[in-house]
Amino acid sequence: MSELAARPIDPVVGRPTPHESGALHATGHAVYTDDLAARAGDALTAWPVQSEQAHALVTLDVAPALEVPGVVRVLTAADVPGVNDAGVKHDEPLFPGEAMFHGHALAWVLGETAEAARLGAAAVRVEYETLPSVITVPEAIEAGSFQGIPRTIRRGDPEAALATAPHVFEGVIEIGGQEHFYLETHASLARVDSEGQVFVDCSTQHPSETQEIVAHVLGLPNNRVTVQALRMGGGFGGKEMQPHGFAAIAALGAMLTGRAVRLRLNRTQDLTMTGKRHPFHIVWTAGFDDDGRIVALATTLTSDGGWSLDLSEPVMGRALCHVDNAYWIPHFVAQGRVAKTNKTSQTAFRGFGGPQGMFVIEEVLGHAAPALGIDPASLRERNLYRPGQTTPYGQPVRHAERLRTIWEELRRSSDFDARRARIAAFNHEHDDVKRALAITPVKFGISFTLTAYNQAGALVHVYKDGSVLVNHGGTEMGQGLHTKMLQVAATALGVPLETVRLAPTRTDKVPNTSATAASSGADLNGGAVKHACEQIRDRMAAVAGRMLGVDQRDVRFSGGRVAGLGPVPMGTGGPWFTFAQVADAAYHQRVQLWAAGFYRTEGLHWDTERMQGEPFKYFAYGAAATEVEVDGFTGAHRMLRVDILHDVGDSLSPIIDLGQVEGAFVQGAGWLTLEELRWDTTDGPGRGRLLTQSASTYKLPSFSEMPEEFNVRLLEHAAEDGAVYGSKAVGEPPLMLAFSVREAIREAVGAFGPEGRSVELGSPATGEATFRAILAARRDEDDRTDAASGATTATGATTGAPRPLVPSDS
């Protein structure tokens, strides 16, 4: 085991530890960004003037707003001393002269109260010169409205393989987006001190990038701006890029007025102004041999990027890298492009394109299995990666044997085969309700595909009394990163957990940090925290060696005690000192008791132009078996039982990881079956308006959608040698276990129709979409019953050469 992954005797990592702020969350004492604003007393409130058209040139008259009692100032482009841009691609003007989507913020009103600011915003006069708008991806494809650079991953000769494959299927499907719906909406609080230093509290996953955007809007160097991320009430990727502009508005207002400025979006503003998970339009053609093995896959993915690029290009890049999911595809081509539409700029969301990419192959297998006459579970199993195989982009699939281990163990522990037999009997006896049990795997790559982001820093202080303060560059959004970092520090220093405290994430403590995203927060920041702690421990070992009369290499730290190697166990009679005693002695010997730690992920290389290389440090594996019941009268489904076996390596914090697996699965099930974003696509005055603007119109998973039986286990004996203390990432991979829900619904719908029929199922598979699929299945069953021959052709099956993909590689 490498030094990075090796664990000492009796480590604090690996223990079931409650979330470090759990009690504060439960009692309402946890402080968030806007709580700080409420305590600021005289803070002004910022309120947006939102566009009421999807695409138009705009002219503003702000004079009426200034007449509203309590309005202090209206911020416009003329007030920006630096760069009028809120993004990193220079395509997101902070104050636009051209409204690019319905709800676009055109100006911001600062008021003594939120009500004054709201009334002031309502008083601003906006004149519109309407321009043509593009709302849907098919509209964008037809209009040739694209942005960014298209990318392609290719292996082998898929065109030739498809032309000769015994069985060829094709399809077109659109995948819906997803609203983050974090509990805490976007929030920032900015103030300027007497020296002109700008301090911004912000609910952000990427404090360093927020710092950079605020600085360039204000025309300041980065060292004049400090961003602090206290904690977030959820993020899910929605606070990786999108907080920057809001923080810049607050900072600009603070600079111009000399007063603190708070900006907190209400729920409707957050829904109508901020990006979501990218909807995708997918065209695919797949070939199989007579044994059901995939011969070739050709697919074109078109994402809805919204009005600006944001993170759409890397999202598409990861989607292309995950089309294969857990399956070997010898001949492969996947093309990706980003549509430009007049909607919110879509952004990062848990999985970051991976779910949309995996959707392709799971759709292919779910569609093909009935037509091939092969059980879907068997079809998936025979196509799983095997040791020695590589991904379409050229990375070896290390530990591929874990896929089969997880698959076989889950089938056994979930009593999969016996339950399938009972379900078949149930379906035979029930005409108007059907059940199904489906199993799907996950293989998800861990690391940022932008190699430079795979680094992290930390600053650790040991005080004379033996207490420890940890600063690191990661942000806490409820996922338990801070809890894991406390455990890492306590393990590396050999001290009790309660002696370690974490400071809020701040750019003046740890600079140039990467976003807490890509499931890499614990890997990167854990490596940096461990590095810092080990520097301090090694210095203290030299001091303790002299105190104990042993070589410093023989000094051991554990449980807050420091002793030398010997026949007597530590603390049972042999000489030892407390950690605090050694820290105090080190101070008096003028030994440094603080350290800056740094970590960079080794072994990564990625050629973006060729889309080839090894972009991921390792793969996280898992599988889920889900049983559903579908009502034939409504299309509504119930999750009866879910069994999950997931690989998190050697867990840093088992309670945290189990919670992450459960939460990710439910969020994935919401995306695939419940959560439907709808925009007005008519040519009326509301064109481009988001219609699902609240929890009353946007369906989120709740207690009633939870599985009646939910069994989650972590794979044992799975330490990852290349990661801190042998752990693996857990934030994103489990979300894609929810494909088992969609595939179970597909199989249950299929039970309403004749055998051998492929089920076309919309996404999300809402009750309405499922009911439409049931009606289609029943029509086919009636047709088959009425037909004298009783034979039909499988839906989607083709012969001969597949139709060409669009666009071409050129």
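1. Helix 13 and its buried side. In this predicted model, helix 13 buries Arg402, Leu403, Arg404, Ile406, Trp407, Leu410 and Arg411. Three of the names on that list are arginines: Arg402, Arg404 and Arg411. The cover over these buried residues includes helix 12 (376-382) and helix 14 (416-429). It also includes strand 16 (433-446), strand 27 (618-631) and strand 28. One general point helps in reading the list. An α-helix has 3.6 residues a turn, so residues three or four places apart point the same way.

2. Length and end of helix 13. Helix 13 covers residues 401-413, which is 13 residues. From first C-alpha to last it reaches 18 Å, close to the 18 Å expected. Asp415 follows the helix, with a positive phi near 55°.

3. A β-α-β unit. Strand 28, part of the cover on helix 13, also belongs to a right-handed β-α-β unit. The other members are helix 18 (residues 654-673) and strand 29. Strand 28 spans residues 637-646 and strand 29 spans residues 709-714. The two strands run parallel, joined by six bridges. Ile644 has Val712 of strand 29 as its bridge partner.

4. The annotated span. UniProt, in an unreviewed entry, lists residues 27-132 as "domain: Aldehyde oxidase/xanthine dehydrogenase a/b hammerhead". In the model this span is 22% helix and 31% strand. Its end C-alpha atoms lie 51 Å apart.

5. A three-stranded sheet. Three strands make an open, antiparallel sheet in the order 4-2-6. Strand 4 (98-99) and strand 6 (125-130) are the edges, each pairing on one side only. Strand 2 (residues 56-61) is joined to strand 6 by six bridges. Leu60 stands opposite Val126 in strand 6.

6. Aromatic pairs. How many aromatic pairs are there? The count is 13. One of them is Trp108 with Phe246, set edge-to-face. Their ring centres are 6.2 Å apart, with 75° between the planes. Trp108 lies in strand 5 (residues 105-111) and Phe246 in helix 8 (residues 243-257), so this pair ties together parts 138 residues apart in sequence.

7. Burial of that pair. Are the two residues buried or exposed? Trp108 is buried, because its relative accessible area is 3%, under the 20% cut-off. Phe246 is also buried, at 10%.

8. A ring cluster. Which residues do ring pairs link into a cluster? They are Tyr393, Trp606, Phe616 and Phe619. Phe619 falls within strand 27 (618-631), one of the elements covering helix 13.

Technical notes. Residues numbered from 1 in each chain as written. Predicted model: local features only at pLDDT ≥ 70, side-chain atom pairs only at ≥ 80, totals over all residues. Heavy atoms only, no water. UniProt positions renumbered as here; feature names shortened; annotations may be inferred. Helix = DSSP H or I, 4+ residues; strand = E, 2+ residues; numbered from the N terminus. Pairing = 2+ DSSP bridges. Right-handed = clockwise from strand over helix to strand, strands pointing away. Expected span 1.5 Å × (residues − 1). Buried < 20%, exposed > 50% of the residue type's maximum accessible area, 1.4 Å probe, protein only. Contact = heavy atoms within 4.5 Å. Phe/Tyr/Trp six-rings, centres within 6.5 Å; stacked < 30°, edge-to-face > 60°.
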